[in-house]
Amino acid sequence: MEDIRATDKILQDLAALGIRLAIDDSGTGYSLLSYLRRFPVEQLKIDRSFVTGLGDDPEGRVILSAMISLSQDLGLEAIAEGVETAGQLALLREMGCKMAQDGSGILLF
């Protein structure tokens with residue numbers, strides 16, 4: 001990610017080949033919001049740290065809701081990582097998140 005122009009070109013070429021791109025671990029590390037505007041991504045994978053404690057953490061729920069809303073407003077699919085309980089999955093669906101992954105990386109719909 002040090003050479004943004006080169007990265008952008010590579011990602012544009014991959015997207016032109018029909019490869020779907022996602023930003024992983026959103027909200028942590030190098031997954032900056034500016035990447036959502038710059039690169040041809042289709043999915044925003046929300047890091048498991050935002051899903052853990054979903055029912056018990058009101059501030060975390062607000063942040064998670066904002067990330068889901070942001071992805072929807074940008075026309076991206078939101079995928080919540082690290083869903084471990086039926087309650088978490090139900091809350092995510094209530095918040096408008098249509099895709100999730102369990103701890104094994106298996107997609108839940």
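Which side chain meets that of glutamate 77 in a salt bridge? In this predicted model, the partner is arginine 20, and the two side chains approach to 2.9 Å, taken from N to O.

## Arginine 20 and its two partners

The contact between glutamate 77 and arginine 20 links distant parts of the chain, since glutamate 77 lies in strand 3 (residues 77-83) while arginine 20 lies in the loop between helix 1 and strand 1, with their positions 57 residues apart. Arginine 20 also meets the side chain of glutamate 42 in a salt bridge, with an N to O distance of 2.6 Å. This second pair likewise links distant parts of the chain, 22 residues apart, with arginine 20 in the loop between helix 1 (4-16) and strand 1 (22-26) and glutamate 42 in the loop between helix 2 and strand 2 (43-46).

Buried or exposed, or something in between: how do the residues of these two pairs stand? Arginine 20 has a relative accessible area of 47% and is therefore partly exposed, as this value falls between the 20% and 50% limits. Glutamate 42, at 31% relative accessibility, counts as partly exposed, and glutamate 77, at 30%, is also counted as partly exposed.

## A pairing between strands 2 and 3

Another salt bridge is formed by the side chains of lysine 45 and glutamate 81, at 3.6 Å from N to O. Here, too, the pair links distant parts of the chain, with lysine 45 in strand 2 and glutamate 81 in strand 3, 36 residues apart. Both lysine 45 and glutamate 81 are buried.

Salt bridges that share partners join Arg20, Glu42 and Glu77 into one network. In general, side chains of opposite charge can pair when their charged atoms come close. A search of the whole structure finds five salt bridges, among them the pairs described above, namely arginine 20 with glutamate 42, glutamate 77 with arginine 20, and lysine 45 with glutamate 81.

## A nonpolar patch at the surface

Apart from the charged pairs, the surface carries a nonpolar patch of about 270 Å², which is made by Leu33, Leu70 and Leu74. Of these residues, leucine 33 is placed in helix 2, which covers residues 33-38. Leucine 33 is classed as exposed because its relative accessible area of 61% lies over the 50% limit.

Note on methods
Residues are numbered from 1 along each chain as its sequence is written. This is a predicted model: local features need pLDDT of at least 70, side-chain atom pairs count only at pLDDT 80 or more; totals for chains, interfaces and linings use all residues. Side-chain values use heavy atoms; hydrogens and water are left out. Patches are made of residues with over 30% relative accessible area and no salt bridge: like charges are joined within 9 Å, nonpolar side chains (Val, Leu, Ile, Met, Phe, Trp, Tyr) within 5 Å. Accessible areas come from the Shrake-Rupley method with a 1.4 Å probe; for residues, only the protein chains shown count as cover. A salt bridge is a side-chain nitrogen of Lys or Arg within 4 Å of a carboxyl oxygen of Asp or Glu. Helices (H or I, at least four residues) and strands (E, at least two) are DSSP runs, numbered from the N terminus. Buried means under 20% relative accessible area, exposed over 50%, partly exposed in between (1.4 Å probe, protein chains only).
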